[in-house]
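Colleague: I would like to learn how to read a model like this one. Could you take me through it step by step?

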Amino acid sequence: MKQKTVAVVGAAETTEMGRIPDMSAIQLHADAALNALADAGLKPSDIDGVATAGTSPTELAYYLGITPTYADGTSVGGCSFMLHVRHAAAAINEGLCKTVLITHGESGRSRVGAGGFRGGGGNSSLPGQFEQPYGPVGPPSMFTIPVMRYLKTYNLTREDLAMVSVIQREWAAKNPRASFHDPITVDDVLSSRMIAYPFTMLMCCLVTDGGGALILTSADRAKDFPQKPIYVLGTGESVETPMVSQMEDFTSSKAFRVSGKKAFDEAGIKHGDVDHLMIYDAFAHLPLYGLEDLGFCKPGEAAAFIRERHTAIENAGKPGSLPLNTNGGGLSYMHSGMYGMYAMQESVRQLRGIAPAQVPNAKISISHGVGGMFAASGTIIWSNEAP
Amino acid sequence: MDRVLPQPTPETQEFWDGCKQGELRLQRCTDCSKPYFPPRPFCPVCGSRSVETFKATGKGKLWSYVINHRPRPDIGTEPHSIAVVMLDEGPKMMTNIVDCPQTPEALQLDMPVEVKFTDFGAQTLPLFKPA
């Protein structure tokens, strides 16, 4: 897409976060949408484009009373919302619509009217035939399967995985809305309950309720909205395989590499230009793969990069050089099932300058998402500087 | 509780029939000759429909795994491996490593493994054991 032709003019999460037993999944979409509309100073009737995953764009539009000329139901897992931003930017530039609402809502914990993204599709699907018979129980025993190969290839240990959780908890401590605030150590992580060796509970994301919504419009119109526009600078997406066992390289995600490179190429920036980074962390290995596949670290060097506190809130008296997952991430902030929306919400907060753990003077942020289990990816590069 | 089993499709029936007959069947392209898995009636590398099925050696090495500490009821009650094997012919395949302790000490990456066809009634699964 063309740089800075489209911007976020409304962004919000659900009013509450964590445990929300009094709202169904579709109401979580709506609660976030109404908050984002208020943020943008808009009414539902001002929206002419809708995009969502977990529920259909039809249900979303109907529920909010929107009559769209553009509807996107792309559903490739937790990064679907990154793809929605990318597609919305193209649609706005092509004149298919003017103002797009993208929503997420999921009753991941309370399971009230729960839909949400579920892969698979019965025991005649490819995953149903060639993975499910061997006993995986959802992402904790699937998404984690490549990691032993990664650790052996780069001579790393479970302590390196644990350190990812430790550093992110430090960020979460600054975030009043985070599920967890108390500091943890590598030993705490390793001695927490074993889920699927080599992964313990504190290396796995939370299961919570929540939602979020974004409103995008053209950069020309964005200037007239109450909030500081956050411009889309570059975008990428890709998909690889619905079966983690069939990913080409167990030490690197092809979807990450393709999506990330495309976004960097579109944005025309270098890695050193990036002030803030969100990498969807469903499990502790995701930031390692993400840092390497996006090109911030060489293969095998992300664990040392994190251990040396380059992504941390503080490094030898100064902020880390590449603040990562500053809301606490899926590991400590929240994770309702499709976390990509929350990664983008934090990027927008950081670039608006209103994040609980604000990165000083952040100008360029990246939201990088995963869908399924290394199945899909979406990358959005944001800027708060006007075109 | 009965084991969750695959439901073959027309494209995969030959693979599952092979398991019942004690043969691990892979496919390869007769144009570019690269073996592949899971089964489909065309080559995922070059798109050619000229493909053939062949009997694989059933040997490979342990490529990666987890030890699932929350076993599904149809699998059992004890922690067990969910593994990916790199077959000697090249393709990767998910499986369980059986006939050895389900521990990190016993499950060493790159150790040689071989197929152990295991009958679960309606289907036979290609499990693997240390070779």
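Modeller: Happily; we will go from confidence to the sheet, the core and the interface.

Modeller: This is a predicted model, in which local features need pLDDT of at least 70 and side-chain atom pairs count only at pLDDT 80 or more, while totals for chains, interfaces and linings use all residues. Residues are numbered from 1 along each chain as its sequence is written, with chains lettered from A and ligands numbered from 1 in the order in which they are written.

Colleague: What pLDDT does chain A average, and where does it stay under 50?

Modeller: pLDDT is the predictor's confidence in each residue, from 0 to 100. Chain A averages 95, and 98% of the residues score at least 70. Over residues 116-120 of chain A, pLDDT stays under 50. Where pLDDT is low, the predicted coordinates should not be read in detail.

Colleague: What is the strand order of the open sheet in chain A?

Modeller: Strands (E, at least two residues) and helices (H or I, at least four) are DSSP runs numbered from the N terminus, and two strands pair if DSSP finds at least two bridges between them. Here 9 strands of chain A follow the order β3-β2-β4-β7-β1-β8-β11-β10-β9, with mixed pairing. The edge strands are β3 (70-72) and β9 (276-279) of chain A. Inside the sheet, 8 bridges join β8(A) to β11(A), and these two run antiparallel; Val232(A) stands opposite Trp382(A) in β11(A).

Colleague: Which residues have the most contacts inside the largest nonpolar core?

Modeller: In soluble globular proteins, nonpolar side chains tend to be buried together. A nonpolar core is a set of buried Ala, Val, Leu, Ile, Met, Phe, Trp, Tyr and Cys residues joined through C-beta atoms within 7 Å; buried means that 20 or more other C-beta atoms, placed from the backbone, lie within 10 Å of the residue's own. The largest core has 156 residues, and those with the most contacts inside it include Leu214(A), Val232(A) and Tyr65(B). Helix α1 (residues 25-40) of chain A gives the most to this core, with 9 residues.

Colleague: How many residues of chain A are in contact with chain B?

Modeller: Contact requires C-beta atoms, placed from the backbone, within 7 Å. By that rule, 28 residues of chain A are in contact with 30 residues of chain B. Among the elements of chain A giving two or more residues to this side is β5 (194-197). Across the interface, 2 bridges join β5(A) to β4 (residues 59-68) of chain B, running antiparallel, and Tyr197(A) stands opposite Ile67(B) in β4(B).

Methods: Two residues are in contact if their C-beta atoms, placed from the backbone, lie within 7 Å. A residue is buried if 20 or more other C-beta atoms lie within 10 Å of its own, exposed if 12 or fewer, and partly exposed in between; C-beta atoms are placed from the backbone.
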